[in-house]
Amino acid sequence: MSANGGTKAIVAALAANLTIAVLKFVAFLLTRSSSMLAEAIHSVADSGNQILLLVGGKRAQRAASPEHPFGYGRERYIYAFIVSIVLFSVGGLFALYEGWEKIQHPHAIEGDFWWVPLAVLVGAIIAESFSFRTAISEANHIRGSQGWISFVRTAKQPELPVILLEDFGALLGLVFALFGVGLTLLTGDGIWDGIGTGMIGLLLVAIAVILAMETKSLLLGESATKDDVGRIRRAIEADGTTIIHLKTLHLGPEELLVAAKISVDAGDSGLDIAKAIDDAEARIRSAVPIARVIYLEPDIRRAQVASGPALAGEPGA
């Protein structure tokens, strides 16, 4: 569901951004507003980012190979990280540069087409609102009772948090552009257009940094959520097995590696141990379906070793 939901949100955002980008460029050509140029570049960057997310999702579906035995699930994280770089450089830094230039050399918005930027910005806010609503609706399917900040920070599927932050940033950026253009038209002073552009740049840089930090954590390798770890622990211990240690790692958004050392009785035969491991694996997969790769290592219960006969060379042997 999460993968399909993420794709739906990406396609909705891509359609909105491509349409809005064209309208913003037209508005810039008619008025030479730096806020409109910054917003046009912002929409182009967002469109490119959404294409990157779609490509990453497609490439991550490739089957495992001898060179990549755990598959390509993390490729989605790589493309999400590239998105943060594009947003920072193409969107944020360009807007900051353009805003500085406009503040240094301001000019008012004049001519018969002064109303075009306002019309485009209002229309863009409406279109982005529909895209944002789609992303929220799809995210609600998987975030459960989590708050939005917690969801963005802990989600293992990178697409929805990226789209949520991009759409939120797009809406806020449009408000900043409307602020700059509106005050420029009211006062006749183009410096407000430059200030609005600079505000857009600062916003995009901030969002890009947040995305980069969260995606870097996924690239380095994150464990399962606390809820999933609890389910795995209960599944292993269901038959009285003791866990010596347990580690989990996301190989991708929908693929989890589970590694644990578990205790067995000293008198258990190899057949008994193999059956206990097989049963534990079945319980884990039933409790957490994304646990695709499971390694369970048996070890003798330490209490039995300590109470058993002394080994040769020990006192009393």
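**A tour of a loop, a patch and a helix pair**

Select Arg32 to begin, and you will find this residue in the loop between H1 and helix H2 (34-59), where helices are DSSP runs of H or I with at least four residues, numbered from the N terminus. Residues are numbered from 1 along each chain as its sequence is written, and this is a predicted model in which local features need pLDDT of at least 70, side-chain atom pairs count only at pLDDT 80 or more, and totals for chains, interfaces and linings use all residues. Side-chain values use heavy atoms, with hydrogens and water left out.

Staying with Arg32, note that its phi is near 60 degrees, a positive value in a residue other than glycine. Arg32 has a relative accessible area of 48%, so it counts as partly exposed, a class between buried (under 20%) and exposed (over 50%), with a 1.4 Å probe and protein chains only.

Next, select Trp114, which lies in the loop between helix H3 (75-104) and helix H4 (115-143) and is partly exposed, with a relative accessible area of 43%.

Now turn to the helix pair, and select H3 together with helix H7 (residues 191-220). These two pack at an angle of about 160 degrees, with their axes 7 Å apart, the axes being lines fitted to C-alpha atoms over the stretch in contact and the angles running from 0 to 180 degrees between N-to-C directions. That angle makes H3 roughly antiparallel to H7, because angles over 145 degrees count as roughly antiparallel, under 35 as roughly parallel, 65 to 115 as roughly perpendicular and the rest as oblique.
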